[in-house]
Structures are given as C-alpha cells and as structure tokens.
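Me: I would like a close look at a single part of this model, taken piece by piece. Please keep it plain.

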Amino acid sequence: MERAMVAMDGNEAAAYVAHRTNEVIAIYPITPSSPMGEHADAWSAQGVTNIWGTVPLVTEMQSEGGASGAVHGALQAGALTTTFTASQGLLLMIPNMFKIAGELTPAVFHVSARTVATHALSIFGDHSDVMAVRSTGWGLLASGSIQEIMDFALIAQATTLRARVPFVHFFDGFRSSHEINMVERLSEDVMRAMIDDDLVRAHRGRALSPDRPFIRGTAQNPDVFFQARETVNPYYAACPGIVQETMDRFAEITGRRYRLFDYVGAPDAERVVVLMGSGAEAAHEAVEALAARGEKVGLVKVRLYRPFSPEHLFQALPETVKVIAALDRTKEPGAEGEPLYKDVVTAFAEAAAEGRSPFAETPLVIGGRYGLSSKEFTPAMVKGVLDEMEKEHPKNHFTVGIRDDVSHTSIEYDPDFSTEPDDVVRAMFFGLGSDGTVSANKNSIKIIAEDTDNYGQGYFVYDSKKAGAITISHLRFGPRPIRSSYLIRHANFVACHQAVFMEKYDMLRYAVPGAVFLLNSPHGPDEVWDTLPRPAQQAIVEKGLRFYVIDAYRVAREAGLGVRINTIMQTAFFAVSGVLPQEEAIAAIKKAIEKTWMKKGPDVVEKNFQAVDMTLENLHEVEVPGEVTSTRELPPTVPSEAPEFVKRFTAEIIAQRGDELPVSAFPPDGTFPSATTQWEKRNIALEIPVWDEEVCIQCGRCSLVCPHAAIRMKIYEPELLEGAPASFKSADYRGKDFKGQKLTIQTAPEDCTGCGMCVEICPAKNRAKPGLKAIHMAPQPPIREREKENYAFFLSLPDFDRTRIEPSTVKTSQMLRPLFEYSGACAGCGETPYVKLLSQLFGDRALVANATGCSSIYGGNLPTTPWAVDAEGRGPAWSNSLFEDNAEFGFGFRLTIDKQTEQARELVRRLGPVIGDALADGLLSADQSDETGIREQRRRVAALKEKLAGLDSDEARHLLSLADFLVRKSVWILGGDGWAYDIGYGGLDHVLAMGRDVNVLVLDTEVYSNTGGQMSKATPLGAVAKFAAGGKPTPKKDMAMLAMSYGNIYVARVAMGAKDSQTVKAFLEAESYPGPSLIIAMSHCIAHGIDMRTGLEHQKRAVECGLWPLLRYDPRRAAAGENPLRLDSRPPKIPVEEYAYRQTRFRMLKQSNPEEAERLMRLAQADVDARYKLYQTLAEQPGREKRRT
Amino acid sequence: MTDLSTSYLGLTLPHPVVPSAARPLSRDVDAVLRLEDGGAAAVVLHSLFEEQVVEEEAAIDHYLERGTESCAESLGWFPKRGEYAHRPEEYLELVRRAKERLSVPAVGSLNGVTAGGWTEYAARIEEAGADVVNLCSVILEEGPEKLGEIRDGLGRLARGARVRVPRPGPREHEPGLLPRARRLRTGELREAPAHPLKHR
C-alpha cells in the first residue's frame, strides 16, 4: 500500500482521518481545536471525499452544546458523525455525551485537551477537560505524538463501530495539536482496511427511521432505570479487548504496534512512571537515556484510559517494579489524589485484596501533578521524579516543574539534565508576529520532510498581545524521528529577526557554547557589534558563538519583496545552520519557491530566487572581539516608580521569566490589581501622532477614536502650566463653556501602536501646509524622550472636575479620563474605542461582565490589564466568567446590587436615629442622575461610614459593609457578536427580558474575531469567513429588531466612524434608562481584510449603504406618547457593493466565484432595501397615547 | 455599394469599424451587444491588465497574510488560500457570455508588463471562446541599445503565447496574432507596432 511521509501538526493529523471516516461533522470553534474544524470545512469546500466517496457535510453550530446536540441527532439518524472541541466546549457537550454513550452509539470526538477555566482561563493544554468527562461512559484514548494522533484517530473510529462505546480521542492542546512533526500519512486504503463496512451498515440499521419505527430516549422510573443502566456492562467489559484487537490489526497493516499500555525502559526496572499524552514522549527520552546508563527505570505509556484495564496495565509492568509514580496532568482539589493515580492505586489494591496480583509485592504507588496549562514537562523533570522515587519515603501528591513554597509539594530536579543528542540541530527564532518568521519556519520543515531523509519538528510560541507580538519558533532537525515534546533550551542556533528585540529579551541565554547566532540588523558586520547591549556581547564572547548578520529588510526591498523577509531569513538559516549542505539547501529552497509561487507567475518566482541569491551575498560573519566593549545594559522591564507588586510579579512575566515565579507570588483566588498596562511600555509604534495646536479645532475626535487611549485631551487652569517642559504644547480653549481654560492633546509615545486612526479622523486642515491636518504621524524614536517627558507632565495635570462637565458631546466626553488604556488589542481595533468611552463616562462606578473573546483577552490576559483607576482610586470592576453565560453573569451583578442596595437602605432607615435623620434622609432621597448627585451621595456615604465606625453593633457593622451600595452603580455586560448573537444569545435574551437595569454593549465585528474569523450569525450576507468560504448565504441576524420587539428595552445601533455624536448620546441614554439597554456597536476588524487605519471610513460607508442603519429605540419616548424609534441615519445613498468590495472578506469571493458573488450581492442589496424601508416605516409611525405609569 | 470588407487580426470583416478595447464600451455583455446592434464588425473587449490583476491578487494576498501567525488563537483570518483561484474569472466569464450572444467576432485583449506572465491567460481567453487574443506588452526600456532586449522580450512573449494557444481551427487567421508571432520569430519586428502585439 502507498506510504507517504509528510509534515503536519496534530490537529491536521486528527482531522485528516476524521474527515475521511465520517459523513457529518458539526462543530463549534474553540482554541486549540478550531483548526480541526477548519481543515474539515476547507476539504469539504474543495470537494474532498471520504473513503466512501462522498463529501462530508460540515456545519458550524451556535455553541458546543448545539454542536453536540446536532451530533447526537445526526448519529441517531444513522450518519457517521464527529466533532472537534476542547476545554469548556467539551464540558458543554457533557449532557449529550451521557446520552450518546447511554444509547451505545459509535462516535469519536477528537479533543485537543485544554485547561478548564478555574481561577483563570487558559487556552493551553492539560487533561482537566477530558478528566471531567470520565463519568459519561465514553472511552478515553490518549495520543502522545503526531503519528499517534493520526493512528489513534483511525483506531478509535474502527473500535467504536465494533464496541459501540463512543470514544474521546485526545491529545495535548498546543503541545501536540500545534506541533508540526513528520508522520506517515495513512492512505485511504489503510482506512478502508480498518473500517468494517458491515459495522457501518449495522450503525445505520440502528438509526431512527419511519420505515422501521421505534422510539429511543424514553423517561424511566425508579422501578426500572437502574436495571436498564446496568445492561451496558458487557459492552464495557469487552471494550479493552476490542481496542487491543484493533491495534493489532493496525500493526499488521502498517507495522506500527500499539498496546493499551506500552512499556519503555529497563526490563528489570524497579522505578516506573505511568502517564499519558505528550509528556510520555519526554519521559520516553529520559527513561531511555537513564536505562542506557544502567538505571533500573521504566515508563508505561497509557493509551486506553477508559475503560481502564488493570490486567493490561499489569501485563505492561515489569515484575521487578517496586515504586510507581502515576503522573496526572490535571488537578482535583479536595480529592485524595488525581484520576490516573487513583486508578493505579485501585488496580493494585483490588488485585491484592482479591489475591490475583501478579506481583510478589504490591509496589508503592505515588502520585504527582505536572504540566498544567502547557507548563513545560522535560526529561529533566522526569529524572527528578525518578530520583524522588529512590528515596526511602518519596513524596506523594507532589508537583514537578514549579516551585511550590506554600504547600511544599514540589520536588527538585536538575534543569541541566538534557537528553538532546548532538546530531540534532536545535534552532530558536525570535520574530515579530506576521513578519514571515513562522511561515518560513513551517516551510523549512516541509522542505526537510519532503526533500530529505531527515526528520523535522516545529513548535511555535506566540504572545497574547494582538499587536506587536513576539513569536518564538522552536525547530529541531535530525536523522531520527524527534519525540522531544518540550521547548528548546539548549539551542545550537539562535536567530533574532527583529533587531529591537536585542534591547528587550535575553535570547542568547538559550544558546549553547559554540552555537550560531544570526541577527537581522540594518547595521553591517563592521558596525553591528557596537549596537549590542552588554549582556548580548558577553554571551557571544563567553559562549564562543559564531555571529552572523544580514540586513534582511534591505535585501527584501531590493529583491522586490516589500517587507516580507521570510525567504531571506530561511535562506540564511539553511546557509549557516548546517542542517543540510549549503548547495543542497539552496536547491531545496528554490524548488520549494517554485512550487509555492509558480501559480503567481515566473516573475514572482524569479524575485524569490533573486532574494535567495542576494541573501547569500549579503550574509556576513561578524568578527567577534575577544572582549565585551558595550556598557549598555538592558533597560529595566518596568519603571522604578512602578508599584511593588508590578516590580516583583508583573515585570517578571513581561521579561519572560514567569516560569520562575513561585506559588507564593500568586494570589490564591485569581484576583489581580487593576491599572497595570501603564507600566508595560511596549514601544511598538514606528510612528506616533504629533499635535499641531494652532490648526486643531479641538473637536476631540482623535481622542475618541484612539483604540489605546494613547492620545488624550485635557482641559485645565492656565497656572498649572508652570513647570511644564519646554516642548509641552497647549492652546487656549475654544468655546464659551470653559472659556479661560487651557487645552492639550497629548500622545503617549511608548503606548501608542501607530495605527493612525487619529490622523484619519481629524477634520482639521492645515491651510499653510496642504495635506497636513492638526495631527500627523512622525517617527517615534527621535521624539520619544521628549514626548515621554511631555506625557508625564500631561498625566500630572489633575483631571478636570467631572461635575462641571456635561459629557453629552464628543468633545466634552473626551475631557473625562479614560479608565481603559493601552490594551493588547490590534493596532486600529474597532472595538476598544467604545470600551474606552464606556470607561470615561461611567467607569468610576461600573461593574463589567466581559464575555470570552477579544475583549476578555485584551482586557484581562496576564501580565497586565488595561482597566484602570482614577485619581480617587475608583475604576471599573471587571471580570470574565465564561463565554456562554456572560449576560447571566452580569445579571448576577445587578441582582446583588439591587438586593444589597435594598438592604443598605433598610438599615439606614433602622439606624436613622443613631446616624442622624438628616443624613439618613439625604442618603435615602438622593438624586443620583448626574455626576453632581453622585458626588454628593459619595460624600454622604463617607460621612455615614465615619459615624458607623464609631458604633458597636451588628447592624452598624452590617451597614458599614454595605454602605457603598448606596452610591449608584452601573452594570455593563460586554462582549462580541460570537457571544451575543450565538453562544450567549439564549442567556442574553432572557436577561434583557427580565427588565432589570443592565447595559449590554455588543462589540459587533460580524465574525468570531478572537478565534480567527469564523462565521457568526452577525456575519453579513456575501461575506467570506471560516465556515462560509463560499460567502455567507443568509442575512445578518437583526438583533436590534428582536430586542425592540419586547417594547421595554432601550436599543441602539451605533457606528463611531459614521456618527460619533450619536454614539455618545446612545451610551448616555442607555445608561440612564432604568431598565435593560442594548447597544450594538459596529466594530471594524482585521478579519474584514481592510487597512485598519481606514476602519472608521468603512464604518461610515456601511451606514451610507444602509447595511448598518443607526437607530435609537427609547421606551421612555413611548411612555411620553412619542414614537420610541428614531432612525439616526439617512436612507442609503450608495449601493452595498461600493462598501463591500473595498473589503477582502467580500472581494475575495468576487475573485474566486464572481457569479456567486454577484448573486449574493443582489440579495444583500435587496435585503438592505427592504430592511431600511421597514425601519423607516416603523420610525414614521405616530406615537401612541401617553402611558400612565 | 462600395465593398468595405477588410481583414483585421486575421479576421475577414464586412467593414473596418471595430470598437477598440475600452472598458466603458465593453464592461458587460449588454454593452457589448449594444455595440453589435450599432453595427460593429467585430468587438475588441476591454483589456485585462496584468498590473491590475497582479495588484488585485497582491492586495488579496496581502490581506490574507496580514496579521497571520501572530496570535495563538487566530493564526489566520480567512478560510484557507488553496480555495481561491486567483484568476481573472470575471473577464473570462465576460468572454464566454459575449461569445454566446454575439454573432460578430470577439477579440480578447491582454495587456501585460512582464514577458512571461500572460501565456496561461492567453490560452484561457482562447478557451473561453475568443476568436483572437490581442496581446499588448509594456516593456519600459529606453534607448536604441535596448531594442534587442525589447525584441527578445516580445519574441518570448509571443512564443510563449503561441506555445499555449493551439493552432487556429477551421478559420485561417492570416494575418493574425499567431502568424505575427511566427513572423516575429523570424525577426520582422518592424511590423509589430502596427499590430496588436504592441510595444508602448
């Protein structure tokens, strides 16, 4: 049969088999499993068939709950059905998993196992999700390597059909799901040989059909349920045997042999570790190396975890075993041990008690935790465990890989123990997101896989920031299959693709003596040495590194490749790393270039060939002086004036030393201080805005639209300018309302991302210098120090008294301090200006419930948070719960606030005589409808607290703890369209219907932005997105219309780029409305495929073509006898296509399928016309009779 | 009645009034049909410009690539690139539909700036039904010393097109593009500026 070695990652390996052995695939995206669904969707879109010759039907559902329901239904109707998920998504499938297993339905779910959110969310890998589904009755089959993922995907599919036990086939999220390695791709012949078509037909035969009707899914009573539940026992008893038979059959066909438990190590081992997943690969390396030097150690790799077969475990263990360490990649607080540990203990305990243990002496079993949330698990740590097992009293319930100085569970290990062989090239590449580094590296692995006899492995570490993010690629190449499932820490090649990193990161600490260091720098070989900071020079000298330099950006430019440096850096890598002989390497690169770029035409190929040749000409080895000459140290990670917590905790994470923080450094409940982004000066903008105070008309729009609060406006008393830096700019305030004040618009030079939106929106024109406005972009480095000083002075100016500001206009709203600043959002983000506005208007009294999505990542991903505090120490209280529950979560805030306020008021009444009637009356009758009212109430509460502090009674203490509730609070429920339109809609609908005072802000990017652009019900007709590759065939859900149908919900659709004044009004009206409010905010996004600098212009066109009508529906107007609905935008004045075809998400369909694009555009136009007319009709209705309330 | 028939691009036409390649005149099938209704002896469809296609493809490529491989949860923003043909299908569709409705000859027109990028498109325009493919090439060189290079470039282009485009079928195109290409091969460049194979 045909065999082919290819390079692919774990997700692709699983999806490859799943797509070919199923008929229906229903998914919902969740990191890190999303690529599996995307592969399946892409293959189906391309017409790739399964092994039965039909194209699987792939559909995206609204949530994992929905996906599992659809899967259950498809299975019950007889299709071979699968899904892909992880973490919270898997947990949402639990109810259906019980059903599917209870009905003995063959199915395989492929899970890239990911941490379940507890004190924090994590997208990274461990087994907490799969362990949470143990009781569902599903089989659990664990893969450790990419080859195993492909093989076990098929073995699981073949097994489930025979055993009628459904299977979760899982592998470690990120470490395996995203690791690229070499695999032998299973052919369709192999798959056909493994899958028994009789069993497929049997599955169909059990399906629901009116042609042979029966019912399934009855309700049962106490008399019978128990017995019926016990009927499945024979199936579970037979299952392990069936799995082994299937594995044996697989071995016959492919030559790769697996057992339910596979042993590696000394045949007479006394110490054996037992674990599953990618950690077993690292353990394999450690055990092999130690056994080779005579240590009596071994490893059992668990393949089949459920049903758990003690007999097969015993068969795998050597009879000499004395101590077993069961390692779990999960944590179950409150349990006497983690799951695998308990299964192993139980196995031995039962065998011993029943006298059937094959071991002369029952071994000691200890348990330990490792690798939670993709924490590194290395051969050094495995050795640490094995060393612990040699002690007379080895620690039980230990942790390895961290330093636990609180509960002292951690065991020691020698981090320098390495099993990395000398004949493996271990390369680390430090790049900037999107600069081509990662794609070049992925290409390099492909070259090795397809054109040489070598093996390659690639693993990529990304930042959590969405702008200016660092990527670190870990590549290994060698003559043998590579199973090193851990990051490179002993690199013999280090490449820095962005010279600025030399000032930020200590990359050379990973280089071994004699390693090669390649730097992309604008400085040539004779000057570059002097540009290096001292630590870098020291590392080069002391480790004897061979230092190469290339100006890749210049070469790219001269070769006509713009700013893409991937071909150049890839060539440079092959030229100096020694992976292949240079000539062979260059030939291989050129062959790959031809293959990749052939379709674009010979000129593109030629440009890339030229780039390759020019690389070799421009790659220079630097003559390293014998000593360090630089005195320049790396700048401190955070300024010296940063708070203590930031210096000892946050800074460590920013400096990439988070791994070294001990347990005691962390808060026990996941609580972190606000306002920490201000200390993380990222300096990622190449250019920043510079204000021209003489041309400025002081409209405030630049400040309004800035996604990062990196350009701000302040008004202040003129005398406060005393002591200002000489370059600090200010202007006389223009306007009667604050006549006599000064105004400054100031950039935060180190926090700006250089997006340019402020310049785009500026309406002012410089008549003396046509083409310039009141702001223009200028290179940052030359003016950085000057603007740092100016910004520091700007921040020192006091915030203007809020009670004097009526924030109902754009200009006045921008006089308020932003309490959301310098987030990790994309440069030019369309969401964050709205979030910032919310923080300005209401932040000092707001509680924010934030759905999972972009906003929860830029809002709360460690090390820092952009949610800030004002001068009085107040600011938004923010939390992310989950994805699907966000509306309910925020509703819970409101329930508590309402209840505690009521309690506080009751107590005030009761304590009136004690605290003073005047104060009590004031507190109870306060008008808090404006800033002045709120400020006065705060004063009263302060006075109340003072009085209560002097009282000794339970009631007084009770009221003291509730007194803050007497000040009006603002509840905001925030999230994207993925949450609001899809997974969270049920909850959102209910919360809106309940009538309480909550404010919902939907940041509508019309696509699942955070997970890479999957379609949502907010995606417009005709737009291309993942799972809508052919253009979305249905119109955008009109959530505003649905909400308005209730009649008592304030609803607004806003678009800052079209009508910012309406946006500000809508926010104020929504918050003041004493009931549920919904604002749907148009947010441009990188996933639209636009120049982000022009995002606001796109918003304007969306409104002008009618796709995004601006409206406000205010129930108070209805109560006053007026039509509650106001249309705030005019009838469409441009066709939809004039907006749409400026965006890649629409234009790409025009390129690939112009007929379909035309058809969908016609439908979109018709829909817009009809919908606008409907709104117009509704808005023109006369008001009803004034309601008596 | 004076016989106005002529031969042009290898086509025998009843008269020499042929609208030239201009997008407003041939932007869609309806416009092309109006030209025929107006009495055009043949229709030269507007040019497919290499720069335009390359730019559009480059723009799409730019946005498909921009921001990728940067953030762990969103390594890409759009469905896989393999699904996009990157072909000027719209133009081919115009040729196809025009030929279905026209009774006069339709001439497809390609305008390129590189010597080699067009051979495939020339073949596809011919497959879509065009009676003739008009190849225009911009080779921006100056000076008589460059004439040899220009000649070589045009020759390469013509040879390339000729390689991909099969010999004419039942109709003899004489003189036409393909015969022109043969003549170019033999070095009669001085005839080229007067023919659709243009140097500008």
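Reply: What follows describes one sheet and the helices that pack on it.

This is a predicted model, in which local features need pLDDT of at least 70 and side-chain atom pairs count only at pLDDT 80 or more, while totals for chains, interfaces and linings use all residues. Residues are numbered from 1 along each chain as its sequence is written, and chains are lettered from A and ligands numbered from 1 in the order in which they are written.

In chain A, 6 strands form an open sheet with mixed pairing, in the order β9-β11-β10-β13-β14-β15. Strands here are DSSP runs of E of at least two residues, and helices are runs of H or I of at least four, numbered from the N terminus; two strands pair if DSSP finds at least two bridges between them. At the edges, β9 (261-265) and β15 (398-400) of chain A each pair on one side only. From one strand to the next, the twist averages 25 degrees.

Within the sheet, β10 (residues 271-275) and β11 (residues 297-302) of chain A run parallel and are joined by 5 bridges. A:Arg271 has A:Val297 of β11(A) as its bridge partner.

Helix α15 (residues 379-389) of chain A packs on the sheet and touches β10, β11, β13, β14 and β15 of chain A; contact means C-beta atoms, placed from the backbone, within 7 Å. The direction of α15 makes about 130 degrees with that of β10(A). Angles run from 0 to 180 degrees between N-to-C directions, with axes fitted to C-alpha atoms, for helices over the stretch in contact. Helix α14 (residues 339-353) of chain A lies across β10, β11, β13 (323-328) and β14 (364-370) of chain A, at about 145 degrees to β13(A).

Methods:
Two residues are in contact if their C-beta atoms, placed from the backbone, lie within 7 Å.
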